[in-house]
Structures are given as structure tokens and as C-alpha cells.
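Q: Could you take a close look at one helix here, the one the predictor is surest of, and then walk me outwards into its surroundings?

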Amino acid sequence: MGEQAKQIQRGWLNYFRGTSIQGKLRDMDGWLRNRLRYCIWTDWKKPERKRKNLMRLGIDKDHAYAWSRTRKGGWRIAQSPILTTTITLQRLKKKDYQSMLDIYMELNPSLCEPPYTRPVRSVV
């Protein structure tokens with residue numbers, strides 16, 4: 001991911017810092033991962049390049065040929081098992097992807113722990 005995208009993520013998460021939006025961020029992270037898979041798929045452009053890249057990611061020759069020449073749209077392919085099992089979260093993290101939920105947890109460590117683990121202030 002680009003540096004500008006990371007800055008925008010951090011800016012939005014700092015803006016919503018005091019809120020509890022973990023569920024919304026989980027949904028947004030899922031959409032964002034699908035969008036990244038879509039961008040990768042469309043970046044490969046030609047069927048032969050798609051086939052070679054799918055084979056590099058571990059898909060056997062026959063399935064790679066069939067999926068590289070599919071007539072389904074890019075968004076549908078991004079959500080298909082062929083890309084969700086090959087372009088995994090671990091591979092995206094190797095390419096410097098950080099989920100919004102992880103950034104949120106870094107910015108709000110107190111919201112992520114149960115209340116009974118916080119230090120107790122004595123009333124004077």
C-alpha cells in the first residue's frame with residue numbers, strides 16, 4: 001500500500017479514536033482486502049499473465065488456465081476462492097498491508113483490554 005493511503009488511514013482512525021468501531025472496521029477491512037485483490041487481478045491484465053501469476057501463487061496448471069480465462073468480472077473473482085486462498089492476508093502483510101483494525105488497536109490500547117485490568121485510581 002502507498003504511503004498516502006497509510007496517512008489517510010491513520011488520520012481517519014485518529015479522528016475516531018475515542019469511539020468503539022471494531023465491528024465497522026472489521027467489515028471495512030474485509031472490503032479493503034477484496035479491493036486490493038481486485039486491483040491485483042486487474043493489474044495482471046492479460047490471461048497469460050494471470051495464468052503465470054496464479055501458478056506462481058501455487059495453483060495447479062489446469063485450474064490456473066481455467067481461472068485466467070474466466071469471463072466473470074474482476075470484483076467477483078476478487079471474492080472467489082481462487083484469489084482468497086492465494087492472495088491471503090499473510091501475503092498482503094508481506095507487501096506492507098496493515099489492517100485498519102490493527103492500526104486502531106495500536107492507537108487505542110485501553111479500549112481493547114477488559115476494564116478490570118486497568119489500574120484502579122484511589123478516591124481521595
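A: Let's start with confidence: among the elements of the protein, α3 has the highest mean pLDDT, 95, while helix α9 (residues 109-112) has the lowest, 62. Here pLDDT is the predictor's confidence in each residue, from 0 to 100. This is a predicted model, where local features need pLDDT of at least 70, side-chain atom pairs count only at pLDDT 80 or more, and totals for chains, interfaces and linings use all residues. Residues are numbered from 1 along each chain as its sequence is written, and side-chain values use heavy atoms, with hydrogens and water left out. The protein averages a pLDDT of 86, and 86% of the residues score at least 70.

Now the helix itself. α3 spans residues 47-56, and K50, R51, N53 and L54 are buried in it. Buried means under 20% relative accessible area, exposed over 50%, and partly exposed in between (1.4 Å probe, protein chains only). An α-helix has 3.6 residues a turn, so residues three or four places apart point the same way. The cover over the buried residues of α3 includes α2 (22-44), α4 (61-68) and α6 (81-86). Helices (H or I, at least four residues) and strands (E, at least two) are DSSP runs, numbered from the N terminus; the protein has nine helices and zero strands.

Next, the two ends. K45 is found in the loop between α2 and α3, and has a positive phi of about 60° although it is not a glycine. K45 is also exposed, with a relative accessible area of 60%. On the other side, α3 is followed by G58, whose phi is positive as well, near 110°.

From there, look across to α6, the helix that holds T86. T86 is buried, with a relative accessible area of 2%. T86 and L57 are 29 residues apart in sequence, yet their C-alpha atoms are 5.8 Å apart in space. Leaving aside neighbours within four places in sequence, T86 is in contact (heavy atoms within 4.5 Å) with L57, I59 and R91. Across the protein, residues 24 or more positions apart account for 67% of the contacts with a separation of 6 or more.

R91 leads on to the largest pocket: it is among the residues closest to the pocket's centre, along with I40, I87, L92 and K95, out of 11 that line it. About 280 Å³ of space lies in that pocket. α2 and α7 (89-94) each supply at least two residues of the lining. By class, the lining has eight nonpolar, no polar and three charged residues. Ala, Val, Leu, Ile, Met, Phe, Trp, Tyr, Cys and Pro count as nonpolar, Asp, Glu, Lys and Arg as charged, and the others, Gly among them, as polar. For the record, a pocket is an open set of points on a 1 Å grid over the protein atoms alone, where a 1.4 Å probe fits, with protein on both sides within 12 Å along at least five of seven lines; lining residues have an atom within 4 Å of a point. Grid points are joined across faces, edges and corners, and the volume is the space filled by probe spheres set on the points.

Past α7, D96 is found in the loop to α8. D96 has a positive phi of about 75° without being a glycine, and counts as partly exposed at 43% relative accessibility.
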